[in-house]
Amino acid sequence: MFSLHTIKPAIMVAMLSVAGSFSAFAEPMKFLNFDQQGQLIRPTGYREWIFIGAPLTPNDMNNGKAAFPEFHNVYIDPVSWTYWKRTGEFKDETVIVKELVSVSGKQAVSGNGYFQGEYIGLEAMVKSRQQFPKAPGNWGFFRFTIENSDELHARAAAQAEHNCSTCHQHNAAKDQVFTQYYPVLRAAEARGQAGSGR
Ligand code: HEC
């Protein structure tokens, strides 16, 4: 026969381990991570976020050197997407990444066009009141691309305002995001849903 004293710790251990595994599930996903120096740690896992569009500035239409070459596959983190659907605003800690993809060819059996090839770069804009209290819209812009390389920087310092933000401030339709090029965002804006039907 077990005495109450020997059973109790066993039950407590069991309870603690159940609580532990629940809290592991409940742990909120963190999409935005800065290091001690305020550099943005390169976001990962974004190909499982919400894909909002793929603008294309092919090198061959830009004298061989587009500022952001070729396809731009753009993703927003899922928590900010939910907030956007509800409110039509980009929340604090929004992460938007644009992954650059080369043009692999211009002919397919479907016709002539531009077709995606290989991953060639990564840029990001992130909204953080804490990191960028004075920046317009609290946005910070980052470049992880290493030109002519498959590699990406593991972390990056915020770009100067005139390198990125100034153009976004003057030309983007909504809070520095070029929503004019993303029907996925426009269809869902403050509608509470993705707008999957017509
Ligand atoms: C001359 C204007 C201009 C400059 C400078 C510029 N961008 Fe953009 N950016 C755009 C346009 C236009 C788009 C949308 C169409 C596209 O991708 O070509 C865009 C899209 C983006 C997106 C996807 C979200 C969105 O708003 O569409 C990110 C992320 C981004 N840029 C980051 C950067 C970073 C980082 C820099 C600086 C290194 C930068 N941009 C500099 C014009 C600019």
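Here is a quick tour of the metal site and the salt bridges in this structure, which is a predicted model.

Start at the iron. The ligand's iron atom has just one protein donor, NE2 of His168, sitting at 2.1 Å. That histidine belongs to helix α3, which covers residues 165-171.

Now for the charged pairs. The whole structure holds 8 salt bridges, and the table lists some of them.

| Basic residue | Acidic residue | Closest N to O distance |
|---|---|---|
| Arginine 155 | Aspartate 35 | 2.8 Å |
| Lysine 174 | Glutamate 89 | 3.7 Å |
| Arginine 129 | Aspartate 92 | 3.8 Å |

Take arginine 155 and aspartate 35, which form a salt bridge at 2.8 Å. This pair links parts of the chain 120 residues apart: arginine 155 is in strand β8 (residues 155-156), while aspartate 35 is in the loop between α1 (4-26) and β1 (40-41). Arginine 155 is partly exposed at 40% relative accessibility, whereas aspartate 35 is buried at 14%.

Lysine 174 and glutamate 89 also meet in a salt bridge. Lysine 174 is in the loop between α3 and α4 (183-188) and glutamate 89 in the one between α2 (78-87) and β5 (95-108), so the pair ties together parts 85 residues apart in sequence. Glutamate 89 is partly exposed, with a relative accessible area of 39%.

Then there is arginine 129 with aspartate 92. The two are 37 residues apart, arginine 129 in the loop between β6 (111-127) and β7 (139-143) and aspartate 92 in the loop between α2 and β5. Arginine 129 counts as exposed at 53%, and aspartate 92 as partly exposed at 24%.

Finally, Glu123, Arg143 and Glu147 are joined into one network by salt bridges that share partners.

Notes. Residues are numbered from 1 along each chain as its sequence is written. This is a predicted model: local features need pLDDT of at least 70, side-chain atom pairs count only at pLDDT 80 or more; totals for chains, interfaces and linings use all residues. Side-chain values use heavy atoms; hydrogens and water are left out. Donors are N, O and S atoms within 2.8 Å of the metal (3.2 Å for Na, K and Ca); water is not among the atoms, so sites may look incomplete. Helices (H or I, at least four residues) and strands (E, at least two) are DSSP runs, numbered from the N terminus. A salt bridge is a side-chain nitrogen of Lys or Arg within 4 Å of a carboxyl oxygen of Asp or Glu. Buried means under 20% relative accessible area, exposed over 50%, partly exposed in between (1.4 Å probe, protein chains only).
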